[in-house]
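Got your viewer open? Load the model, give it a slow spin, and then follow along stop by stop.

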Amino acid sequence: QVQLVESGGGLVQTGGSLRLSCAASGRTFSRYALGWFRQAPGKEREFVSVISRSGVSTYYADSVKARFLISRDNAKNTVYLQMNSLKPEDTAVYYCAAEDSAVLPIRATLYEYWGQGTQVTVSS
């Protein structure tokens, strides 16, 4: 079992930055690929980014590529999402998720564990 708790969301103006954190429980943190997803009202949950067990491999949705950066610190059981150059269309609830996988899951249905989400609002 792994428990995930997101933090760092809030209000920011267009062009600003936020850094989201997701703290995880358990002693097997390094076995999990970790993903970030987001969901806006009336829309489906969409993939944002994923990082491998070791942190060596990452993948981003085209909509956030070159603006967002995912990283992890296995010693701290934490995954981060640095969000720069934020746009109003980035407004959503952001969720972190974990899956015991050696590859990079992209589909939300592949993830076993989910956090409660943190709200990110970008004003224009």
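This tour starts with the whole chain, then goes to a sulfur link and the strands around it.

**Stop 1: the whole chain**

Keep in mind that you're looking at a predicted model. Switch to cartoon view and colour by secondary structure. How many helices and strands are there in the protein? You'll find zero helices and 11 strands, so the pattern read along the sequence is simply β-β-β-β-β-β-β-β-β-β-β.

Now show just the C-alpha trace and turn it around. Along its principal axes, the trace spans about 40 × 25 × 25 Å. A compact globule with 124 residues would have a radius of gyration near 14 Å, and the protein, at 13 Å, agrees with that.

Turn on the surface next. About 6,400 Å² is exposed, and carbon and sulfur atoms supply 50% of that area. Of the 124 residues, 45% count as buried. If you like drawing contacts, take the ones between residues at least 6 apart in sequence: 60% of them join residues at least 24 apart.

**Stop 2: the disulfide**

Hide the surface and select the cysteines Cys-22 and Cys-96, shown as sticks. These two form a disulfide, with their sulfur atoms 1.9 Å apart. The pair links distant parts of the chain: Cys-22 belongs to strand E3 (residues 18-24) and Cys-96 to strand E9 (residues 92-100), 74 residues apart. A search of the whole structure finds one disulfide, so there's no second one to hunt for.

Zoom in and look at the twist. The link of Cys-22 and Cys-96 is right-handed, with 50° about the S-S bond. Are these cysteines buried or exposed? Both Cys-22 and Cys-96 are buried.

**Stop 3: from E3 across to E8**

Stay on Cys-22 and step sideways. Which residue in E8 is the bridge partner of Cys-22? Select Val-79, and you have it. The two strands, E3 and E8, run antiparallel to each other and pair over six bridges.

Now select residues 78-83, the whole of strand E8. This strand is mostly covered, with five of its six residues buried.

**Stop 4: the hairpin of E7 and E8**

Add residues 68-73, which make up strand E7. E7 also pairs with E8 in the antiparallel sense, over six bridges. To see one pairing up close, pick Ser-71 and look across to Tyr-80, its bridge partner in E8.

Finish by following the chain from E7 into E8. The two strands form a hairpin with four residues between them. Click on Asn-77 in that turn: its phi is positive, at about 55°.

Key
Residues numbered from 1 in each chain as written. Predicted model: local features only at pLDDT ≥ 70, side-chain atom pairs only at ≥ 80, totals over all residues. Heavy atoms only, no water. Disulfide = S-S within 2.5 Å. Buried < 20%, exposed > 50% of the residue type's maximum accessible area, 1.4 Å probe, protein only. Pairing = 2+ DSSP bridges. Rg over C-alpha atoms; globule rule 2.2 N^0.38 Å. Contact = heavy atoms within 4.5 Å. Areas by Shrake-Rupley, 256 points an atom, 1.4 Å probe, with all protein chains shown as cover.
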